[in-house]
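Work through the exercises below with the structure open. Try each task before reading its solution.

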Protein chains: 2
Amino acid sequence: MRKVEVCFSPELIHLFDLEGKIVVVVDIFRATSTMVAALASGVEEIIPFADLEACRLMQDKGFLIGGERNGLTAPGFEMGNSPVAYLDGSYVGCKLAMTTTNGTQAIEKSLKAEEVLIGAFPNLKATVSHIQAQSKDVLIHCAGWKGHFNLEDSLYAGALVKSLESTHESSEDGALAMSMLFEKVGHNLKGFLSQASHAKRLQNHGIERDIDFCLTLDLYEIVVKLDDRGFLVKV
Amino acid sequence: MRKVEVCFSPELIHLFDLEGKIVVVVDIFRATSTMVAALASGVEEIIPFADLEACRLMQDKGFLIGGERNGLTAPGFEMGNSPVAYLDGSYVGCKLAMTTTNGTQAIEKSLKAEEVLIGAFPNLKATVSHIQAQSKDVLIHCAGWKGHFNLEDSLYAGALVKSLESTHESSEDGALAMSMLFEKVGHNLKGFLSQASHAKRLQNHGIERDIDFCLTLDLYEIVVKLDDRGFLVKV
């Protein structure tokens, strides 16, 4: 049986062996949810940047630039980190360069993997099918919040571990714990996550609609992966 | 209301502010369980060492030396890391120098705290009473396994968070998650933990009795703390 593990923070990723694995990067509030929403809504491709200034420079190359730090749009950026901003199809065919507080850093630390996928609740089932069609071990890389464990990324990890249980064994304690936690609270994700520190942080920014979107399951059939050029594309 | 947080790995402890807090160091399998068992069974005091060789040198100073690496007694050490070895009272009045793979390293990284306690299931209730008699925030520092999250330390954290809920608010996602997980699996700790990676590692070493002991609640009334000299003593 294949294996699935969970890493709770980019600061722990060096403890894991990424080679040959599918790494699923997760930053539910909101980077990876936004990436999935943008690509599902017609954005052509996304280049993720860990560095804010490198991302900003892409504007001159014809890219739409999305930048977020600490939950707010970075000064001078056209887009922040809101998934719902893409839903009306205003950005069909655009190329997006994007940098966020946690999510894009986690992608950068996942590059040794055989394949890097972008995980979000709105395309959970599609991601599960894509993984199950391959014979690879999986590592779920939670972006967390500035190195800290966070609830929403970990619960997505639990949902993914649970969805993979017919093909992938929880070979590691983080996967076991989160799968069990998702069993307990998965029927009321939004209620439980309203206690989470980052949801509170976002509520303060008045983006209730973003939170609702990020916790909605299986809106899209697309899978998002990092291609050989380092661009995020849908498959 | 006071606050309680959980840190899942010594590799993340730098993200937390320890000053003014009670830090509870936890290494259920087996360092902190052994420390509690030894002191409850008459050992007078314990000096924890992160370094194996520094610990070994204490033998010449009249200390009993306990050393464990990767679950096994370190070569040349009198004691390994088994709590049940102390239970028959053979070491009453002894001074013990002790080093383990994870637990003693976590203690060393907790020294900035206002007070360092040693947590284990056999003295959970006593530790709760001791904490609740003070007006300090609490940080539970899980020793983990070589930097990794582990199930048994995290579930102890969940049990402690839950026991403190009348006085200490879960101000952080790790505390919320583990308190909820303990609610789900706490009635069957041993069954659930038998899946944990470190329990499997220990079962391979044939120490079922140790595991039973480490998961037994409230055998002792003692609290174990680090005193001003850096010695672990009972209070």
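The exercises cover a chain interface and a helix pair in a predicted model.

**Exercise 1.** State how many residues each chain gives to the contact, and how much area is buried.

*Solution.* Start with the count. Chain B gives 28 residues and chain A gives 28 residues. Next, take the area. The two chains bury about 2400 Å² between them. Carbon and sulfur atoms hold 68% of that area. Now look at chain B. Phe149(B), Asp173(B) and Lys184(B) lose the most area to chain A, together 25% of what that side buries.

**Exercise 2.** Find the salt bridges and polar contacts across the interface, then name the elements of chain B that give two or more residues.

*Solution.* The rule finds 2 salt bridges between chain B and chain A. One joins the side chains of Glu183(A) and Lys184(B), at 3.3 Å from N to O. This pair passes because the salt-bridge cut-off is 4 Å. Polar contacts add up to 8 residue pairs. The elements of chain B are α5 (151–163) and α6 (173–185). Of these, α6(B) gives the most, with 10 residues. By class, the chain B side has 14 nonpolar, 8 polar and 6 charged residues.

**Exercise 3.** How do α5(B) and α6(B) pack?

*Solution.* Read the geometry first. The angle is about 95°, and the axes lie 7 Å apart. Angles from 65 to 115 degrees count as roughly perpendicular, so α5(B) is roughly perpendicular to α6(B). Then list the contacts. Residues of α5(B), including Leu155(B) and Val161(B), meet residues of α6(B), among them Met178(B) and Phe182(B). The residues of this contact divide into 8 nonpolar, 3 polar and 2 charged.

Note on methods: Residues numbered from 1 in each chain as written. Chains lettered and ligands numbered in written order. Predicted model: local features only at pLDDT ≥ 70, side-chain atom pairs only at ≥ 80, totals over all residues. Heavy atoms only, no water. Contact = heavy atoms within 4.5 Å. Buried area = accessible area lost by both parts, 1.4 Å probe. Polar contact = N/O pair within 3.5 Å; in protein donor to acceptor, adjacent residues only side chain to side chain. Helix = DSSP H or I, 4+ residues; strand = E, 2+ residues; numbered from the N terminus. Nonpolar A, V, L, I, M, F, W, Y, C, P; charged D, E, K, R; others polar. Axes fitted to C-alpha atoms, helices over the stretch in contact; angles between N-to-C directions. Parallel < 35°, antiparallel > 145°, perpendicular 65-115°, else oblique.
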